[in-house]
Amino acid sequence: MSRANEEVEAVLQEYADLIAISGGEGFRARAYEKAARAIGGHPADVAGMGVDGLREIPGVGRSIAAKVVEYLRSGRIGEVERAREEIPAGVRELIAVPTLGPRKAMVLHEELGISSVDQLAEAVRAERLRDLKGFGERTEENILHGIDLLRRAGGGRVLISTAMDEAERIVAALLAVGGCVRCAYAGSLRRMRETIGDIDVLVAAERAGPFMDALAALPDTAEVIAHGGKKTSVRTREGLQVDLRVLPPESWGAGLQYFTGSKAHNIRTRRIAVRRGLKLSEYGLSDAETGRTVASETEEEVYGRLGLPWIPPPLREDRGEIAAELRGELPELVEERDIRGDLHTHTDLTDGLAPLEDMVAAAAARGYAYYAVTDHAPDLAMQRMTAEKILAQRARLRALDRRHRGMRLLHGTELNIGPDGGLDWPDDFLAGFDVCVASVHSRFDQSPEALTRRIVRACENPHVKILGHPTTRRIGRRPGLDADFDAVFAACARTGTALEVNSHPERLDLCDEDILRAKRYGVRFAIDSDAHSTTHLPYLRYGVGTAQRGWLTADDVINTWPLTRLRRFLAKGRGRA
DNA sequence: GCCGTTTTCGGCCCGACTGTTTTCAGTCG
């Protein structure tokens with residue numbers, strides 16, 4: 001997604017929050033929210049667009065288009081600036097705490113003068129909230145729990161998508177600097193961890209100075225934290241730290257290996273080096289006695305001299321990858337190019353942003369062999385789905401399918417798993433879909449026993465082929481369900497239900513560790529984007545990264561299979577109805 | 001603030017849950 005769209009989305013969302021906090025008209029706040037989302041998910045770059053072009057985006061009218069133009073020209077919006085003066089930034093921060101919304105945030109600010117999460121935590125500890133109308137003991141507990149979640153999952157870390165966008169911009173800029181032999185990001189980003197603390201960027205070049213200067217001069221760089229001969233650290237406007245290291249070209253492989261980590265993986269590789277009379281550092285693999293370098297230019301050489309094949313970065317977590325490699329049992333990991341189609345996506349018939357035709361065209365452009373459209377079923381009442389509407393969509397999709405050579409369209413739905421495990425369409429209606437995803441969207445607080453029964457029952461429905469975002473966690477917002485997932489994984493294996501690896505950067509659900517656990521039950525997986533706009537289809541890379549961290553092969557993942565094999569999987573068990 | 005085979009006003013995605021209340025406001029999906 002382009003940078004301007006993201007910036008505009010952020011500033012409009014901020015304005016929506018400020019309107020809501022200041023007690024403005026609710027529909028006005030929602031109009032800004034809607035426009036923010038629409039621009040964020042709009043496929044074309046809004047930079048350089050005029051009022052007329054902007055107004056063609058659904059949800060953007062005269063007033064918002066004018067504000068966006070003002071922002072694109074000057075980097076600021078007068079009305080937003082005025083709203084910022086009224087409401088301290090810290091008050092807006094409060095609504096990031098789960099269970100706190102704009103109304104409560106304003107009460108806390110007006111009655112107690114609270115304008116930061118730290119002050120809020122302190123006020124709860126001092127029991128100052130209890131006397132406020134609408135606040136009680138449970139509210140205090142929920143707020144403390146919410147702050148804890150925010151800090152634990154956040155902890156200064158950002159979502160992988162945020163870090164990836166930034167890292168790719170930086171790498172592209174540094175590749176353009178004269179004398180650049182190689183440039184890449186390393187660290188936890190290269191290992192595809194779900195959240196990223198800081199970005200490590202490496203350059204191979206003879207002279208370091210020009211790259212250090214180039215990084216410091218990037219428009220995203222807010223401040224230079226450290227500026228040395230070998231390493232420069234900056235903080236971006238989004239508060240993300242970037243460490244740049246420039247290596248001599250002959251040390252590239254050793255440096256990349258060292259700075260990719262993880263620390264635990266490196267300790268293990270260094271130990272192997274020692275046993276072979278070698279010493280491994282960021283400058284190279286060398287003979288412990290003579291100091292002569294024996295390998296350093298590529299990672300393959302470094303691993304090779306340690307008696308190992310090259311190990312893909314997502315596996316470098318010291319989870320037994322080296323021992324497995326030595327036994328010749330390291331999996332051949334699924335890769336993004338193995339993915340033949342997406343099996344969980346939405347359109348504007350429910351809460352997606354783009355029409356069916358646009359989503360299908362964007363999927364075709366990605367070279368997919370098949371593509372499933374899975375809009376929400378009626379239980380998510382806000383989507384107002386009906387049998388008539390989804391059947392009309394099916395007719396449109398079938399007609400579209402006839403026009404698309406090379407890509408087959410599948411008609412599906414994302415069902416809601418009710419509190420008792422029931423689904424929101426009867427079995428005979430479900431039989432008409434090519435693929436049914438079923439997911440939990442509410443009632444997260446049931447007992448572990450009830451949650452487990454509920455999910456297992458949904459998997460036992462013969463029409464359910466994919467369990468969508470199985471734990472329903474949202475990174476930094478909500479923990480996963482407290483269900484017995486070993487029982488769920490066993491049920492999926494028994495019923496032929498694939499577990500989703502949802503690729504949305506806020507979800508990544510299942511996560512790497514759950515995938516490792518589930519795989520032992522012999523379950524299949526589906527790596528899906530859960531796209532709500534054409535710009536979300538590429539999120540798939542994060543799902544693939546997560547799957548790699550979970551040691552999945554292409555064969556484990558049903559949407560790497562040819563369509564005939566996938567269809568057999570989707571049809572299996574339907575006789576049990 | 002946006003939108004319109006309801007077109008310049010009057011609707012706007014709706015329902016459930018929670019914790020606080022004693023009839024409902026706030027939050028969430």
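Contact here means heavy atoms within 4.5 Å. Keep that handy for the exercises below, and remember that this is a predicted model.

**Exercise 1. Work out the strand order of the open sheet and find its edges.**

Solution. Start with the order: five strands make up the open sheet, running β2-β4-β7-β6-β5, with mixed pairing. Now look for strands that pair on one side only: these are β2 (182-185) and β5 (221-227), the edge strands. From one strand to the next, the twist averages 20°.

Next, zoom in on one pair. β4 (residues 198-204) and β7 (residues 241-247) run parallel and are joined by seven bridges. Within this pair, Ile199 sits opposite Val242 of β7.

**Exercise 2. Find which strands helix α10 lies across, and which ones helix α13 touches.**

Solution. Take α10 (residues 160-175) to begin with. This helix lies across β2, β4, β6 (231-236) and β7, and its direction is at about 170° to β2. Then move on to α13 (residues 252-260), which packs on the sheet and touches β2, β4 and β7. The angle between the directions of α13 and β4 is about 175°.

**Exercise 3. Explain why Cys183 has no disulfide partner, then check Cys436.**

Solution. First, recall the chemistry: a disulfide is a covalent bond between the sulfur atoms of two cysteines. The cut-off to use is sulfur atoms within 2.5 Å. For Cys183, the closest cysteine sulfur belongs to Cys180 and is 5.1 Å away, so that's too far for a bond. Cys183 is also buried, at a relative accessible area of 13%.

Now try Cys436. Its nearest cysteine sulfur, in Cys459, is 13 Å away, and Cys436 is in no disulfide. Cys436 is buried too, with 0% relative accessibility. The final tally is zero disulfides.

**Exercise 4. Look at the largest nonpolar core and pick out the residues that touch the most other members.**

Solution. This core has 56 residues, and the ones to pick are Tyr371, Trp425, Ile455, Leu499 and Ile527. Follow Ile455 a bit further: skipping neighbours within four places in sequence, its contacts are Val440, Leu467, Leu481, Ala483, Phe485 and Val488. There's also a second, separate core of 47 residues, with Ala35, Ala38, Ile87 and Val97 among them.

**Exercise 5. Locate the UniProt domain feature and describe two of its spans.**

Solution. An unreviewed UniProt entry puts "domain: Helix-hairpin-helix DNA-binding motif class" at residues 52-71, 92-111 and 127-146. Residues 52-71 are 70% helix and 0% strand, with end C-alpha atoms 15 Å apart. For residues 127-146, the figures are 50% helix, 0% strand and 17 Å between the end C-alpha atoms.

Notes:
Residues numbered from 1 in each chain as written. Chains lettered and ligands numbered in written order. Predicted model: local features only at pLDDT ≥ 70, side-chain atom pairs only at ≥ 80, totals over all residues. Heavy atoms only, no water. UniProt positions renumbered as here; feature names shortened; annotations may be inferred. Helix = DSSP H or I, 4+ residues; strand = E, 2+ residues; numbered from the N terminus. Pairing = 2+ DSSP bridges. Axes fitted to C-alpha atoms, helices over the stretch in contact; angles between N-to-C directions. Core = buried A, V, L, I, M, F, W, Y, C linked by side-chain atoms within 4.5 Å. Buried < 20%, exposed > 50% of the residue type's maximum accessible area, 1.4 Å probe, protein only.
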